[in-house]
Amino acid sequence: MNIFLLEDDADTAAFIARGLKEKGHQVEVAGDGVTAITRLLADRFDVIVLDRMVPGLDGLTVLKAVRAAGHATPVLMLTAKSQIADRVAGLEEGADDYLVKPFAFAELAARVTALGRRPLGSEAAAILKVADVEMNLLRREVRRGGKAVELQPREFTLLEQLMRNPGRVVTRTMLLDQVWNFGFDPKTNIVETHMSRLRSKLNEGFSRSAIRTVRGSGYLMEDSV
Amino acid sequence: MFKRAPRTIRGLSLVVAGVSCLLTLVVGVMTFSLVHHEIERQLDRRIELETQALLGTYRRTDFETLVREVDDRARSAARGTIGYLSGRSETDSRMGYLVVDAEGRRRGGDFDGAMPKAGWSEFARYRRPDGSAGVAQAMNLALDGGGRLVVVADRSALMAVDRKMIRLALMQVGLVAAVAVLATFWFGRVVQRRLESIHGAAGDIMAGDLSRRMPLDGSDGEFDQLAKVLNQMLVRIEDLMSNLKQVSGDIAHDLRTPLTRLRARLEDLDTAGTQAIDPDGLEGALREVDELQALLSGLLALSEIEGHSVRDRFAPVDLAAAIADLAEAYEPDFEAAGQRLITDLALAQVRGDRPLLLQALSNLLDNSLTHAGTGAQVRLAVSTQARRVRIDFGDDGPGVPSQARERIFQRFVRLDPSRSAPGHGLGLATVAAIIEAHGGSIRVVPSERGLVYVIDLPALEDR
């Protein structure tokens with residue numbers, strides 16, 4: 001993917017760029033808002049990552065300029081302020097996702113990857129299929145290897161998020177946002193306990209686990225067996 | 001146009017006094033001219049009547065009869081009341097007459113002065129019978145058969161009234177000026193005294209005495225109300241300032257421990273060199289960093305909530321439905337901890353921030369999970385009564401000692417003496433701040449077993 005990054009701290013920018021390049025992406029970095037707007041209006045990128053607080057024009061202004069120019073490119077906002085107020089402002093201006101600094105790189109990589117394949121239109125599909133797991137979104141049925149699996153509504157949504165990102169890591173905080181929408185991070189391991197229930201239901205009678213845990217990052221459903 | 005109006009009390013009192021004097025003077029002048037002209041009209045009317053009567057006599061008879069008639073009238077004792085006015089003495093309100101024949105000889109009457117000009121004249125000078133000098137209003141008419149008739153009325157009564165009225169007006173102006181100056185000066189002193197006391201208190205506060213308050217006099221007047229509002233503001237400022245002080249101290253203290261541990265770990269890794277980096281050591285260092293981050297963001301969130309800026313985002317929240325979601329999310333954890341979560345949710349709507357309210361309850365649930373122990377029962381009930389929403393939260397775990405009940409809502413307070421359990425002592429402080437930001441209150445209720453909270457929130461008003 002072709003990724004644009006606005007980040008004024010040179011060390012952080014280099015660290016993020018190196019990490020994303022190691023994952024096979026091209027990364028272009030700008031250190032201030034004016035350069036960012038010039039570049040973003042001239043070229044198309046797959047994902048834009050904007051730091052909210054940069055000197056001069058800030059990330060939010062850049063975001064407004066990009067959206068005003070009619071670009072629908074997915075945008076991930078990075079913010080160092082306390083999460084609540086900033087998240088609302090960012091999402092209102094048309095950001096697709098946000099991440100509070102400081103963050104783990106794995107979290108950033110997972111969110112950038114998830115944003116990058118968003119416009120493929122998979123959201124409209126009625127049936128999702130990952131390896132031997134099949135999900136019918138209209139009838140809210142799940143089958144593994146043709147065998148029906150009974151899921152609670154919450155477990156169903158959890159599985160849906162994983163199946164919409166086949167072969168890609170979905171982090172714990174992404175799941176908290178998308179499945180529970182609490183807007184805060186409870187200290188308990190809600191994700192872990194629900195995930196373990198979902199797993200035991202999915203894996204019953206199968207030797208291979210349908211959902212893989214990626215240590216330090218999140219969860220993953222492999223596309224190919 | 002009011003830009004140039006005086007803004008000081010001295011200036012205002014001068015303006016008020018000046019305007020009052022001016023108004024009194026205007027009213028005085030108006031009264032004076034009204035009364036003066038009325039009396040003058042009476043004088044003129046009297047002269048007219050006398051002249052008419054004498055002319056009537058002259059026309060009916062002849063010049064000699066007129067001369068006799070004039071002499072009669074001049075000698076008459078009853079003459080000289082001028083309308084409704086009378087002078088202090090007979091001479092003050094007397095009338096005078098003079099008849100001159102065609103050759104200009106004085107033939108009758110008692111008017112002793114220069115012949116006034118023809119027609120009306122004011123201020124005709126003459127000598128009165130007692131020898132004093134007088135000023136009179138005079139009418140000088142030509143007679144048909146030659147000769148002139150002069151009728152005069154003494155102006156002394158009018159002039160006496162004029163003098164009295166001028167004296168009265170001057171006294172009024174003086175009195176009003178004095179009263180106005182005194183009143184505004186006194187008013188100014190009252191205002192100034194209050195302002196000075198507020199001034200002094202403000203000075204002390206600026207000098208650092210944040211506990212100082214504006215003085216009240218208990219009158220509940222405008223100044224008292226202003227002082228009360230200022231005092232409420234000062235209480236809030238003092239709270240925020242002491243929070244700030246406490247937080248800076250607490251942060252410094254609580255950051256030191258994880259930073260020391262982090263440094264030790266990194267030193268270990270450093271001395272180990274590149275050949276044998278211990279993955280456990282790295283992971284441990286990352287954990288310390290995560291903990292530091294959690295502490296910092298917890299503190300930031302807490303100060304944001306206490307600053308009440310979160311109120312900008314408040315919207316109607318279906319509390320029962322939100323809590324049901326939360327309870328469902330927590331259910332597996334309670335099962336894993338060998339505890340039971342019982343909910344009793346009645347319809348309850350509040351105005352607030354859903355994530356924050358859920359976070360508050362989530363903190364309470366976390367506490368019970370950690371501290372209530374295996375086999376504990378946790379009860380979460382919501383009800384609405386008389387525009388208040390009441391949340392009852394309780395577990396039957398070991399609870400807290402009664403003397404610690406007030407303390408547990410302060411930040412960095414941890415009852416676990418070993419401080420071995422995870423957390424920074426921000427959980428309940430955050431809960432209290434969230435509830436307070438929503439205009440509610442939380443307290444620990446004494447109970448035989450476990451820890452029981454009652455949360456009180458204003459219910460959403462029906463629109």
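Is Phe123(B) buried or exposed, and how many other C-beta atoms lie within 10 Å? Phe123(B) turns out to be exposed, with 10 other C-beta atoms inside that radius. Here a residue is called buried if 20 or more other C-beta atoms lie within 10 Å of its own, exposed if 12 or fewer, and partly exposed in between, with C-beta atoms placed from the backbone. The model is a predicted one, with local features needing pLDDT of at least 70 and side-chain atom pairs counting only at pLDDT 80 or more, while totals for chains, interfaces and linings use all residues. Residues are numbered from 1 along each chain as its sequence is written, with chains lettered from A and ligands numbered from 1 in the order in which they are written.

Phe123(B) sits in strand β3 of chain B, residues 119-127, and has a positive phi near 60° despite not being a glycine. Chain A has a residue of this kind too: Arg140(A), also not a glycine, shows a positive phi of about 50°. Arg140(A) belongs to the loop that links β7 (133-136) to β8 (141-144) in chain A. Arg140(A) counts as exposed because it has 11 C-beta neighbours inside 10 Å.

Stepping back to chain B as a whole, its secondary structure comes to 8 helices and 12 strands. These are DSSP runs numbered from the N terminus, helices being H or I of at least four residues and strands E of at least two. Of the 463 residues in chain B, 27% are buried. Contacts (C-beta atoms, placed from the backbone, within 7 Å) reach well along the sequence: among those in chain B with a separation of 6 or more, 62% join residues 24 or more positions apart.

One helix pair in chain B is worth a look. Helices α1 (residues 9-60) and α2 (residues 63-75) pack at about 145°, their axes 7 Å apart. Axes are lines fitted to C-alpha atoms, for helices over the stretch in contact, and angles run from 0 to 180 degrees between N-to-C directions. On the α1(B) side, the contact uses Leu54(B), Thr57(B) and Tyr58(B), and α2(B) answers with Phe63(B), Thr65(B), Leu66(B), Glu69(B) and Val70(B). By class, that gives 5 nonpolar, 2 polar and 1 charged; Ala, Val, Leu, Ile, Met, Phe, Trp, Tyr, Cys and Pro count as nonpolar, Asp, Glu, Lys and Arg as charged, and the others, Gly among them, as polar.

Between the chains, 18 residues of chain A are in contact with 21 of chain B. On the chain A side, α8(A) gives the most, with 4 residues.

Note on methods: Two residues are in contact if their C-beta atoms, placed from the backbone, lie within 7 Å.
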